[in-house]
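Reader: Could you show me how to read helices and ring pairs in a model like this one? I would like the general idea and then the case at hand.

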Amino acid sequence: MESSIQTVLITGASGGLGAALAREFASRGLRVLGCARRADALGRLARELGPPHAFEAVDVGDDAAVARWAEGVEAPDLLVNNAALMHDVAPAWEIPAAEFDRLMHVNVGGTMNVIRRFAPMMIARGRGVIANFSSGWGRSVSPDVAGYCASKWAIEGLTRALALDLPQGIAAVAVNPGIIDTAMLRKCWAEGASAYPTADAWAPRAADGLLALRARDSGSSVDL
């Protein structure tokens with residue numbers, strides 16, 4: 001697949017890791033497609049990158065909205081399931097039910113919604129990589145982030161099972177992006193997040209790692 005990746009689709013593309021990746025892939029001559037809930041930030045990214053890149057405001061937690069979006073989008077060579085939420089840090093029993101439900105709805109349900117619509121396209125074409133963003137908290141735990149840990153442990157299991165369902169030539173890989181100074185990390189660690197690389201500094205290395213994924217990596221968990 002060294003020369004086959006021409007189109008990358010990124011969910012959660014409006015800020016943080018998603019926007020940094022979109023810019024990096026675009027700078028390498030790849031076509032970037034993306035979605036996010038924040039139409040304003042997504043619009044700024046679309047104007048910045050211009051054609052042939054295309055972005056649309058979509059809540060991945062809404063399966064019908066994802067289905068409508070997918071109807072007008074070509075099959076990607078690399079699908080990056082990046083969209084995710086973080087709850088307010090608190091002991092598990094203090095996480096409000098509505099906040100926990102919304103987090104699982106987006107982090108896990110949203111990933112499934114995107115897979116449901118785009119995996120068949122990739123299967124029909126006979127190639128592609130589905131990179132589901134996990135986390136270090138998808139393989140370990142910390143206090144006060146139980147909901148987020150639960151969602152990312154689910155992504156790890158989902159990805160391994162998905163890999164068994166996919167035909168040869170299509171890969172599903174759980175990807176830990178590492179620790180990056182983003183708004184999400186600052187929600188957990190406040191100013192302590194500044195000790196880590198920014199999303200823009202992280203993106204070139206991350207893009208290298210994502211573009212290196214192959215069918216043989218299917219079912220694995222990798223770190224960027």
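**Helix 1 and the aromatic pairs**

Author: Happily! Helix 1 (residues 16–27) has 12 residues, which at 1.5 Å a residue should span 16 Å, and its end C-alpha atoms are 17 Å apart, which agrees. Helices (H or I, at least four residues) and strands (E, at least two) are DSSP runs, numbered from the N terminus, and the expected span is 1.5 Å times one less than the number of residues. This is a predicted model, where local features need pLDDT of at least 70, side-chain atom pairs count only at pLDDT 80 or more, and totals for chains, interfaces and linings use all residues. Residues are numbered from 1 along each chain as its sequence is written, and side-chain values use heavy atoms, leaving out hydrogens and water.

Reader: How many residues of helix 1 are buried?

Author: Buried means under 20% relative accessible area, exposed over 50%, partly exposed in between (1.4 Å probe, protein chains only). In helix 1, 9 of the 12 residues are buried, including Leu 17, Leu 21 and Phe 25. Just after this helix, Gly 29 has a positive phi of about 85°.

Reader: How many aromatic pairs are there?

Author: Rings of Phe, Tyr and Trp (its six-membered ring) pair if their centres lie within 6.5 Å; planes under 30 degrees apart are stacked, over 60 edge-to-face, the rest tilted. That rule gives 2 aromatic pairs. Trp 69 and Phe 118 are edge-to-face, 5.3 Å centre to centre with 65° between the planes. This pair links helix 3 (residues 63–71) to helix 4 (residues 97–125), its members being 49 residues apart. Trp 137 and Tyr 148 are also edge-to-face, at 6.2 Å and 85°, and both are buried.
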